[in-house]
Amino acid sequence: MSEKKRFHIVTYGCQMNVHESEKIAGMLSELGYTNCDEMESADVVVFNTCCIRENAENHAFGNIGMLKKLKADKKDMIIAVGGCLTQQMGKAENLHDKFPYVDVIFGTHNLHKLKDYILLKRTQKKAVINIEDDDGSIFEGDNPLRTSYPNAWVNITYGCNNFCSYCIVPYVRGRERSRKAQNIIAEVEELVKQGYKEITLLGQNVNSYGNGTDEPSFPELLERIANIEGKFRLRFMTSHPKDFSEELAKVIARNSKICHCVHLPVQSGSNEILKAMNRKYTAEDYLEKIEILKKYVPDCTVTTDLIVGFPNETEEDFEATLNLVKKVGYSSAFTFVYSKRDGTVAAKMPNQIPEDISKRRIMKLVELVNSLTREQSASYVGKAVEILCEDYDKKKGMYCGRDEYGRMCYFESENNAIGEFVNLKITKANGISLYGERI
Ligand code: SAH
Ligand code: SF4
Ligand code: F3S
């Protein structure tokens, strides 16, 4: 009997990519491959790349480069590279020139054809390179091999129309398009039936779901999903502040399945910089949205994304960001140093900020964000929380899960608690992590 063929996927980038790797895994399973943890024993290795910042891109290039030797020893191994990086102008050719041993290069628009490309590669010597343009269509009928039970990701929109001046996503993901509500609802119903307990709706800007189509608005869609029977949690990301509405805050307030935790990237607290970023809101507009959210959902926590070192960012601009962070009191934040992306509007702006200044700013910002997180963690001690157990941490020898506000809690359990809602009393706070006992 022949041994089962194996695949290994390396994923870079955001949740969108994590979920797309699940779709890739689904296709490879249909071809008869099974997942394996080490690249060395794989028959197919897929790199699902990201190019949001230069270091994400370099990381992928470095790792693909390291496979040269392995491929020389294992000539039958198929190496495939997909994701956002390949979709950048000229990058597919560039990859092929640099790494001629890569067998398949595919993009974000034709991900669902990877199965065909692998089959084709098995029959020909030549590399299969196919980066299709965005034709505005949506492929339905993926069969993802989900890897994060009890959490499941569900796409609601693809692409982005916002063209924030620093961002490469609209160029590599194409124009925004919304899946049909009936398809999304059917997918969530099926997931709940299968026992998934937390559903996260994914899109670059979920608030503009349905724009320009007959589909419902995002708040309507969210409410329809929240009305699906069964005990599960509902999250969504990412919300663009310019489209965050009062209606959405009301929907969150009146549907208990929707978590009281919203990711609302602000990027900067300076109006000058926000304008240059083409974000289409001011710091005041943003704070007003937070106020509306808190009016309807007083206990809602807010998380965000922040960029320092955008071209022309002055010390005052940076101070404005620090002030806004303090005002909002984020429960956590992703902080980034601005990275110049070729082809974007910001890449052509004068006064790119020197690295040492950006580094100093990011360190200060991280310190502030961490102090807010620590403060909030400390206030948890003694409280009771309901968490959804999602994993077992081998190092700690403890189970872990998040409360609805997104806070990670660790606890001991005799039985396997993954997938269970567990009530804990928080006994200790350590940085961002909380420790508790079952009650
Ligand atoms: N569509 C989402 C997420 C986009 S990517 C949104 O608009 O919020 C995630 C984050 O990466 C962004 O929010 C931004 O903070 C950061 N980012 C995007 N491009 C960047 C760049 N060129 N340099 C540094 N950070 C960047
Ligand atoms: Fe990028 Fe802006 Fe679109 Fe987010 S909304 S993906 S930051 S262009
Ligand atoms: Fe995500 Fe990176 Fe693409 S952040 S959308 S994988 S460029």
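# Briefing: aromatic pairs, a buried helix and two ligands

The count of aromatic pairs in this structure comes to 11. The model is a predicted one. The points below cover some of these ring pairs, then helix α8, then the surroundings of ligand 1 and ligand 2.

**Aromatic pairs**

- Phe-61 and Phe-99 have ring centres 5.8 Å apart and planes at 45°, so this pair is tilted.
- Phe-61 belongs to helix α2 (residues 54–65), while Phe-99 sits in the loop between α4 (91–98) and β5 (104–106), so the pair ties together parts that are 38 residues apart in sequence.
- Phe-61 has a relative accessibility of 14% and counts as buried, because buried means under 20%.
- Phe-99, at 6% relative accessibility, also counts as buried.
- Phe-218 and Phe-236 make an edge-to-face pair, with 5.3 Å from centre to centre and 70° between the planes.
- This second pair links distant parts of the chain, with Phe-218 in helix α8 and Phe-236 in strand β11, 18 residues apart.
- Phe-218 and Phe-236 are both buried.
- Phe-61, Phe-99 and Tyr-101 are linked into a cluster by ring pairs.

**Helix α8**

- Helix α8 covers residues 218–226, and 7 of its 9 residues are buried, so the helix is largely enclosed by the rest of the structure.
- The buried residues of α8 are Phe-218, Pro-219, Leu-221, Leu-222, Glu-223, Ile-225 and Ala-226.
- These buried residues pack against two helices, α7 (181–194) and α9 (246–254), and two strands, β10 (198–202) and β11 (233–237).

**Ligand 1**

- Ligand 1 is surrounded by 15 residues, the closest being Tyr-166, Gln-204, Gln-267, Asp-305 and Ser-339.
- By class, the shell around ligand 1 holds 7 nonpolar, 4 polar and 4 charged residues.
- The side chain of Arg-53 has an N or O atom 3.2 Å from an oxygen atom of ligand 1.
- For the side chain of Gln-267, an N or O atom is 2.7 Å from an oxygen atom of ligand 1.
- A polar backbone atom of Ser-339 is 2.8 Å from a nitrogen atom of ligand 1.
- Ligand 1 taken alone exposes 530 Å², of which the protein buries 90%.
- Two elements, β13 (301–308) and β14 (332–337), each give two or more residues to the shell around ligand 1.

**Ligand 2**

- The residues around ligand 2 include Cys-160, Cys-164 and Cys-167, along with Tyr-166, Gln-204, His-240 and Arg-279.
- The shell around ligand 2 divides into 7 nonpolar residues, 3 polar and 1 charged.
- Tyr-166 and Gln-204 are among the closest residues to ligand 1 and are also around ligand 2.

Definitions and conventions. Residues are numbered from 1 along each chain as its sequence is written. Chains are lettered from A and ligands numbered from 1 in the order in which they are written. This is a predicted model: local features need pLDDT of at least 70, side-chain atom pairs count only at pLDDT 80 or more; totals for chains, interfaces and linings use all residues. Side-chain values use heavy atoms; hydrogens and water are left out. A residue is near a molecule or strand if one of its heavy atoms lies within 4 Å of it. A polar contact is a pair of N or O atoms within 3.5 Å; within protein, one must be able to donate a hydrogen and the other to accept it, and residues adjacent in sequence count only if both atoms are side-chain atoms. Accessible areas come from the Shrake-Rupley method with a 1.4 Å probe; for residues, only the protein chains shown count as cover. Helices (H or I, at least four residues) and strands (E, at least two) are DSSP runs, numbered from the N terminus. Ala, Val, Leu, Ile, Met, Phe, Trp, Tyr, Cys and Pro count as nonpolar, Asp, Glu, Lys and Arg as charged, and the others, Gly among them, as polar. Buried means under 20% relative accessible area, exposed over 50%, partly exposed in between (1.4 Å probe, protein chains only). Contact means heavy atoms within 4.5 Å. Rings of Phe, Tyr and Trp (its six-membered ring) pair if their centres lie within 6.5 Å; planes under 30 degrees apart count as stacked, over 60 as edge-to-face and the rest as tilted.
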